[in-house]
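Dear colleague,

Please find below the structure that I am handing over to you, followed by an account of what was found in it. I would be grateful if you could read the two side by side.

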Amino acid sequence: QVQLVESGGGLVQAGGSLRLSCAASGRTFSRHVMGWFRQAPGKEREFVAVISGSGSATYYGDSVKGRFTISRDNAKNTVYLQMNGLKPEDTAVYYCAVANNWWARSVLEYKYWGQGTQVTVSS
């Protein structure tokens, strides 16, 4: 069992930046592939980014590629999502999750989830 706690959300103007953090429990954090998803009101949960256990490999959803950066600090059991160039359409609740495997891109392929953190981008 892994517990995840997201933080860092808030209200920001379009074009601004935020950094989300996700702190994980447990001693095997570096073995876990970690991902970020987001869910806007009335929409399905959307894949944002994934990072390998070592942090050497990353992959992004098309809607955030070039603007968002996923990273991790295994010594702190934390994964981050740096979000730059934010747009109103980035408004959503952002979730971190533990993936079943590296190629996991859908919700069904993730087994532990945090409670989410709200990001609101004003125009």
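Are C22 and C96 buried or exposed? In this predicted model, both C22 and C96 are buried. The two residues are joined to each other: their sulfur atoms lie 1.9 Å apart and form a disulfide. A search of the whole structure finds 1 disulfide. The link of C22 and C96 is right-handed, with 55° about the S-S bond. Since C22 belongs to strand β3 (residues 18-24) and C96 to strand β9 (residues 92-99), the pair ties together parts that are 74 residues apart in sequence. As a general reminder, a disulfide is a covalent bond between the sulfur atoms of two cysteines.

I turn next to the two strands that carry these cysteines.

Of the 8 residues of β9, 7 are buried, so this strand is largely enclosed by the rest of the structure. Strand β9 is paired with several others. With strand β4 (residues 34-39), β9 runs antiparallel and is joined by 6 bridges; here G35 has A97 of β9 as its bridge partner. With strand β11 (residues 117-122), the pairing is antiparallel over 3 bridges, and V93 is matched with Q118 of β11. With strand β10 (residues 110-113), β9 again pairs in the antiparallel sense over 3 bridges, where A97 has W113 as its bridge partner.

Strand β3, at the other end of the disulfide, belongs to an open sheet of 4 strands in the order β1-β3-β8-β7, with antiparallel pairing. β1 (4-7) and β7 (68-73) stand at the edges of this sheet with a single partner strand each, so one side of each has no neighbour in the sheet. From one strand to the next, the twist averages 15°. Within the sheet, β3 and strand β8 (residues 78-83) run antiparallel and are joined by 6 bridges; L20 has L81 of β8 as its bridge partner.

The aromatic residues form a further topic.

How many aromatic pairs does a search of the whole structure find? The search finds 6. One of them is edge-to-face because the rings of F37 and F47 have their planes at 75°, with the centres 5.7 Å apart. This pair links distant parts of the chain, with F37 in strand β4 and F47 in strand β5 (residues 46-51), 10 residues apart. Buried means under 20% relative accessible area; F37, at 1% relative accessibility, therefore counts as buried, and F47, at 12%, counts as buried too.

F37 also forms an edge-to-face aromatic pair with Y110, at 4.8 Å centre to centre and with 80° between the planes. F37 lies in strand β4 and Y110 in strand β10, so this pair ties together parts that are 73 residues apart in sequence. Y110 is buried, as is F37. Ring pairs link F37, F47, Y59, Y95, Y110 and W113 into a cluster.

Two rings of this cluster also have a charged side chain over the face. R45 lies over the face of W113, at 4.9 Å from the ring centre, and K65 lies over the face of Y59, at 5.7 Å from the ring centre.

With kind regards

Terms used. Residues are numbered from 1 along each chain as its sequence is written. This is a predicted model: local features need pLDDT of at least 70, side-chain atom pairs count only at pLDDT 80 or more; totals for chains, interfaces and linings use all residues. Side-chain values use heavy atoms; hydrogens and water are left out. A disulfide is a pair of cysteine sulfur atoms within 2.5 Å. Buried means under 20% relative accessible area, exposed over 50%, partly exposed in between (1.4 Å probe, protein chains only). Two strands pair if DSSP finds at least two bridges between them. Axes are lines fitted to C-alpha atoms, for helices over the stretch in contact, and angles run from 0 to 180 degrees between N-to-C directions. Rings of Phe, Tyr and Trp (its six-membered ring) pair if their centres lie within 6.5 Å; planes under 30 degrees apart count as stacked, over 60 as edge-to-face and the rest as tilted. A charge sits over a ring if NZ of Lys or CZ of Arg is within 6 Å of the ring centre and within 35 degrees of the ring normal.
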